[in-house]
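Me: Could we go through this complex together? I'd like to know what stands behind each label.

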Amino acid sequence: MRKTLMLSAVSGVITSLFLFGQVMAADLKIGIMVPTTGSEATSGKDMENAIKLAAMEINESGGVLGMKIDTMTGDDACDPQQGTAAATKLVSADVAAVVGGYCSGATLPTLKIYGDANVPFVIAAANSTKLIDANMGNAYQINSTGFDQTATAVALFEKQGAEKIAVIHQGDGYSEDLAKLTRDKWTEMGKEVVAYEVVNKGEQDHSALVTRIKSKAPDAVFWTAYYADGALLIKQLRQAGYRNLIAVGDGSNSPKLLEIAGKAAEGVYCFSNPTVDYLPAAKDFHANYKKTFDQEPDAYAALAYDGMKLMADAIERAGSTDQDAIIKALGETTSFTGIAGPVSFTDKNTLARSNFVTLIAKDGKWTLSE
Amino acid sequence: MTLQDILLQQLANGLILGSFYALVALGYTMVYGIIKLLNFAHGDLYMIGAFLGFLVLSVLSPLIGDSWVGIMCSMVLSMIAVGLLGVLIQRIAYQPMLSAPRLSILITALAVSMILSNGVLAFTDGEYLAFSTDLGYEGLEFGNVFITYTQMVLVGAAALLMSALYLFVHRTMYGKAMRAIAIDKDACRLMGIHVNRIIALTFFIGTSLAASAGIMAGAYYGSIHFFMGFVIGLKAFTAAVIGGIGSIPGAMLGGLLLGLLESFGTQIPFIGTEWKDVFSFGILILLLVFKPTGILGRTEIERM
Amino acid sequence: MDRLDSAAPGNGDVAGTGGPLRWLESQKNRLIVLTFLAGLAMFLPLISNNYVLEVMTNVWFYVMLCLGLNIVVGYAGLLDLGYAAFFAVGAYTTGILTSHFGVNFWLTIPAAVLFSICAGVIIGGPTLRLRSDYLAIVTLGFGEIVRIIARNLEITGGASGLIGIEKPSLFGFEISQISHFYYVFLLLACLACFVSYRLQHSRLGRAWQYVREDEDAAEAMGIDRVAIKLYAYVIGAIFGGVAGCFFAAKMTAISPETFMFQQSVLILLGVVLGGMGKIPGVIIGAFALVLFPEVFRDLGSSRILVFAIVMLVIMLYRPEGIWPEKKT
């Protein structure tokens, strides 16, 4: 019992320090929710940088409604549990609005928290179709969803004259979602999905799977998950003598894929969200980003930057920081054009047009196809 | 492809995968045989081997290129380095725990495993590194079955290492001492065998075999990652148990069997790739429950 | 900034010769501190913001999970590397029953307890006869099997998991705010402490200790060691299952990624960090687990590395835990 008491005392000290560590601030406070630790930290920090850059630019040109933007980051660590903690942290700090959202899995449970608090939320990158159902009306997705990617993918397969396709995912929410949508759409069109497979994360040897796929002789193989395992699969497919089309989803849009797969990746197609490399309007942004942070912007920087600019635009149009007014203004967006293109929303709060582009690997680099 | 072709190709796939499993399983079985420790860190030493090999190769490649010569040189160097690391770990973390309760040493091993993998995570920021080599895709075609030269060399190297180990354990005095310690440590001490030295030697050999598998996997698959040791560590342990833990031929047999089971498993309807791991772990659990001594293991009277 | 470090010298003092914490040695002073802390825990929602509440709710949640695993690892001395499986069983039971079948949340708790018991018996029954290191691997494999099943089945929502799990209500009062969940989890953690304490000092608790210290002697004294271990396993499973139910209700969305091997290791860390088998130690472990990444945001990615090093040092220098039990 004595020890219990001493321990409680120690834990009390820790806890109270933790409690009093919370401080408040003023101005127009905008929350950033991205993973800044964990496996996706690189992409998350990149988005955080881009949002901060946008805020800095807005502040330099006079701020929003005369107020300076003050950002505050909540780290979701790409994990649902930490995501809820991050969202509550932002909501308790009374942020006027939130921009961010990279991992769909971590963003999903936060929608309820932002929804209950009626906080306007621009989801910059996360694009699982599950987010649409969980949206309580206050969140807007400025990245095209899995539906659009499926449409782009299916169009490519058709154009290339494929009849039988194989779809492979990695057993996580994002890649399974995309794989299912593609499978259903392809069968709906009266064509055949000869293999629908899953690869376990972290496994290196896919030879058994490759043999199985090869024996089904598909005209196209679609990998819906991430670059690391995708590179291994591509390499082993080519090694085993599979010569037909291979396409990968936006999770595999990384130069690392080409580096790991080497010459096996030549001619692989990739569906990608608009990244700065392929956006003519992003030249200034690219230069500013490099100057400010001394590094190259990553895949989702452009969308994150647009998200912040869109939010500021909506607050200006709303004319106040009233949450309902901002949400209404976001929904009525018609004339906003970001560096990734014009933004307007469907009645489900998703981006009205598809922003997917098709890339092809050429000489060890991703280049626009067509 | 006809069914026969598919099965033959899966046989080849299974043998290649199985030789990796066997190399890693050997370390598990040797360490377990001699000090009855389930070395959770073994899979991570495989990973460290791949990373060290990568480092050495990137230093050496301007001199000797990154083809077979370069890979072999960096393999030998990283095997020695990782073997020494294994001995160090044994001395620091396991030696003081040998008389402690079983639970304590298991947790210690788990802590070592986590330190290794998370240490590499901190160093590499969780990035996948591209292990680029000069190995080509040329190979021989047997009917519809295609095997690259790289794959043949890999299986050959694994077989060579395993037969060297077998000869070492069965034909030398050191090997005899190892086998003796596995049976009765205290009697060995009385007979004048340097028990601690032999245990260190066992760790050295076991971990350097894992390292050799690590660097071969890195070069063959083309990427390395801090978490790459987890899955194979688990699979290799399964292989060691299938063969009978503590038995060296058992580990080789178990590795090949597991590789084949997994390859053919993906061809079985309703298992496919989705249920493949449930299938492997299910076999492990059933085996442990009904025949915990494995195929070649000795029956133990001792109860723990 | 070294909020957690401030605990470290204190720990040494408790075990060592005194110091700043000497003040606490008097019964009266300790009672004051304890009352203060209990009051703080009770009235926290009145004085703090939602973020603090969210984090503290998480702390109480892990206290419950760690105390559950502590029964298996600390009391009975069995290494379980797949504890997240029981947590998953509870969470999915609640998730499936409420979202697919519209069952009331409170009715899913007995169902989850039942399923956890079944899972505990199915995996424990045949394997508890095995050597303890085999058991560790079997539980690890079992944890993976449960996760893969959840990932592959249609009813569990596949890899995306289940969303839109209803928040529970009690006599017409809906538990939806974070402050409500704070009290729910505080209550659960207290209940877990109480049950753990009673178990430790029961006949069963003494039998666990006996089996843990010397299995053969215990059996010679007429203790059925397999049955005793199975009790520990099943009770631990029930803790995990119930915690899982409330987890599902609080998160409203669950997916297989929450129940990976890393989750099991995290819970095990919580048990070992503060000293296995001791309720206050386990509570401290759970606190460290949750507060560390919130306080040391910059060290976030090396959290497990820091914990693992501490764990190794503890095992090497204080195998009995930071606060060794007094042998009487």
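Me: What makes the sheet with the order β2-β1-β3-β4-β5 in chain A an open one, and which strands are at its edges?
Reply: In this predicted model, that open sheet of chain A has 5 strands in parallel pairing. Its edge strands are β2 (69-75) and β5 (139-141) of chain A, since each pairs on one side only. Two strands pair if DSSP finds at least two bridges between them, and strands themselves are DSSP runs of E, at least two residues long, while helices are runs of H or I of at least four, all numbered from the N terminus. Neighbouring strands here are turned by 20 degrees against each other on average, direction ignored.

Me: How do you know that β1(A) and β2(A) are paired?
Reply: Strand β1 (residues 28-34) of chain A shares 7 bridges with β2(A), in the parallel sense. The definition asks for at least two, so they count as a pair. L28(A), for instance, stands opposite I69(A) in β2(A).

Me: Which helices lie on this sheet, and at what angles to β2(A)?
Reply: Helix α2 (residues 41-60) of chain A packs on the sheet, touching β1, β2 and β3 (97-100) of chain A, with its direction at about 170 degrees to that of β2(A). Helix α3 (residues 80-92) of chain A lies across β1, β2 and β3 of chain A and runs at about 155 degrees to β2(A). Such angles run from 0 to 180 degrees between N-to-C directions, with axes fitted to C-alpha atoms, for helices over the stretch in contact.

Me: Why are α11(B) and α6(C) called roughly antiparallel?
Reply: Helix α11 (residues 276-290) of chain B and helix α6 (residues 132-152) of chain C cross at roughly 150 degrees, and their axes come within 9 Å. Angles under 35 degrees count as roughly parallel, over 145 as roughly antiparallel, 65 to 115 as roughly perpendicular and the rest as oblique. So α11(B) and α6(C) are roughly antiparallel to each other. Among the residues making the contact are F281(B) and L288(B) of α11(B), and Y134(C) and I145(C) of α6(C).

Me: What makes β2(B) and β3(B) a hairpin?
Reply: Strand β2 (residues 139-142) of chain B runs antiparallel to β3(B), joined by 4 bridges, and 2 residues lie between the two strands. G143(B) in the turn has a positive phi of about 65 degrees, and E141(B) has F146(B) as its bridge partner in β3(B).

Me: How many residues of chain B are in contact with chain A, and which element gives the largest share?
Reply: 31 residues of chain B are in contact with 27 of chain A; contact asks that C-beta atoms, placed from the backbone, lie within 7 Å. The largest share of the chain B side, 6 residues, comes from α1(B).

Me: Where is confidence lowest in chain C?
Reply: Helix α1 (residues 7-15) of chain C has the lowest mean pLDDT, 38, whereas helix α4 (residues 84-101) of chain C has the highest, 94. pLDDT is the predictor's confidence in each residue, from 0 to 100. Over residues 1-18 of chain C it is below 50. Where pLDDT is low, the predicted coordinates should not be read in detail. Chain C still has a mean of 84, chain A has 88, and the complex has an ipTM of 0.88.

Me: How are the numbers and letters assigned, and what confidence is required?
Reply: Residues are numbered from 1 along each chain as its sequence is written, and chains are lettered from A and ligands numbered from 1 in the order in which they are written. In this predicted model, local features need pLDDT of at least 70 and side-chain atom pairs count only at 80 or more, while totals for chains, interfaces and linings use all residues.

Key: Contact = placed C-beta atoms within 7 Å.
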